[in-house]
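Trainee: I would like a close look at one part of this model. Please take me through the loop that follows the second helix, and set it in context first.

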Amino acid sequence: MNKRDLKFFQNLLMKEKAKFARGLDKHEHKIDTPSDTFAYPYHMADIGSETADKEEESIIVSSYGNRLTVIDEALEKIRNKAYGKCEKCSKKIERERLKVKPYAKLCVKCKEQEEKMAR
Ligand SMILES: [Zn+2]
């Protein structure tokens, strides 16, 4: 991937990051003020345990957090010029895929395979 491409995807990732960071703030704020509809018996540290799956807001926050981590990893890869490579087969990830999902770690083929395995 050339410099211009890297710059392009870096911008995409920064935008995506800003978007998710805002979303995260919003949801975290909701959890900090449990006075309205829900009570939150689980602490942030418990997210990831099976008991948390009823806590919809918590899950949203958790997945936003994960997404931000993934975006940071992708930005790191841009810095290392390792961006756009499938983590599984080391082939280039399709450009069109990266445009939609700049933080994608796997190429379409590997992603499909992974989804089949998960089923
Ligand atoms: Zn692959």
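Mentor: Start with the overall order. Read along the sequence, the pattern is α-α-α-α. That is 4 helices and 0 strands. Keep in mind that this is a predicted model. Of the 119 residues in the protein, 13% are buried. Among contacts with a separation of 6 or more, 53% join residues 24 or more positions apart.

Now the loop. It runs between helix 2 and helix 3 (95-100), and lysine 81 lies in it. Serine 90 is found in this loop too, and so is lysine 91. Take them in turn.

Lysine 81 has a positive phi of about 60°, although it is not a glycine. Most residues other than glycine have a negative phi. Lysine 81 is exposed, because 11 other C-beta atoms lie within 10 Å, and the cut-off for exposed is 12 or fewer.

Serine 90 also has a positive phi, near 65°, and is a residue other than glycine. Serine 90 counts as exposed because it has 8 C-beta neighbours inside 10 Å.

Lysine 91 is another case. Its count is 13 other C-beta atoms within 10 Å, so lysine 91 is partly exposed. Leaving out residues up to four places away in sequence, lysine 91 touches Cys86 and Cys107. Look at the second partner. Lysine 91 and cysteine 107 are 16 residues apart along the chain, and their C-alpha atoms are separated by 7.5 Å.

Cys107 leads from the loop to the core. The largest nonpolar core has 10 residues, and Cys107 is one of them. The others are Phe9, Leu13, Ile71, Ala74, Tyr83, Ile93, Leu98, Tyr103 and Ala104. Helix 1 and helix 2 (56-79) are the elements that give two or more residues to this core. Domain 1 (3-83) and domain 2 (86-119) each supply at least three of its residues. In soluble globular proteins, nonpolar side chains tend to be buried together.

Pick out isoleucine 71 from that core. Neighbours within four places in sequence aside, isoleucine 71 is in contact with Leu13, Glu16, Lys17, Phe20 and Tyr103. Two of these partners, Leu13 and Tyr103, are on the core list as well.

One more stop, for comparison with the loop lysines. Lysine 19 sits in helix 1 (residues 3-32). Lysine 19 is partly exposed, because 13 other C-beta atoms lie within 10 Å. Its C-alpha atom is separated by 9.8 Å from that of leucine 68. Those two residues are 49 apart along the chain.

To recap the loop: lysine 81 is exposed, serine 90 is exposed, and lysine 91 is partly exposed. Positive phi values belong to lysine 81 and serine 90. Lysine 91 touches Cys107, and Cys107 belongs to the largest nonpolar core.

Methods:
Residues numbered from 1 in each chain as written. Predicted model: local features only at pLDDT ≥ 70, side-chain atom pairs only at ≥ 80, totals over all residues. Buried ≥ 20, exposed ≤ 12 C-beta atoms within 10 Å, placed from the backbone. Contact = placed C-beta atoms within 7 Å. Core = buried A, V, L, I, M, F, W, Y, C linked by C-beta atoms within 7 Å. Domains from an automatic or database assignment.
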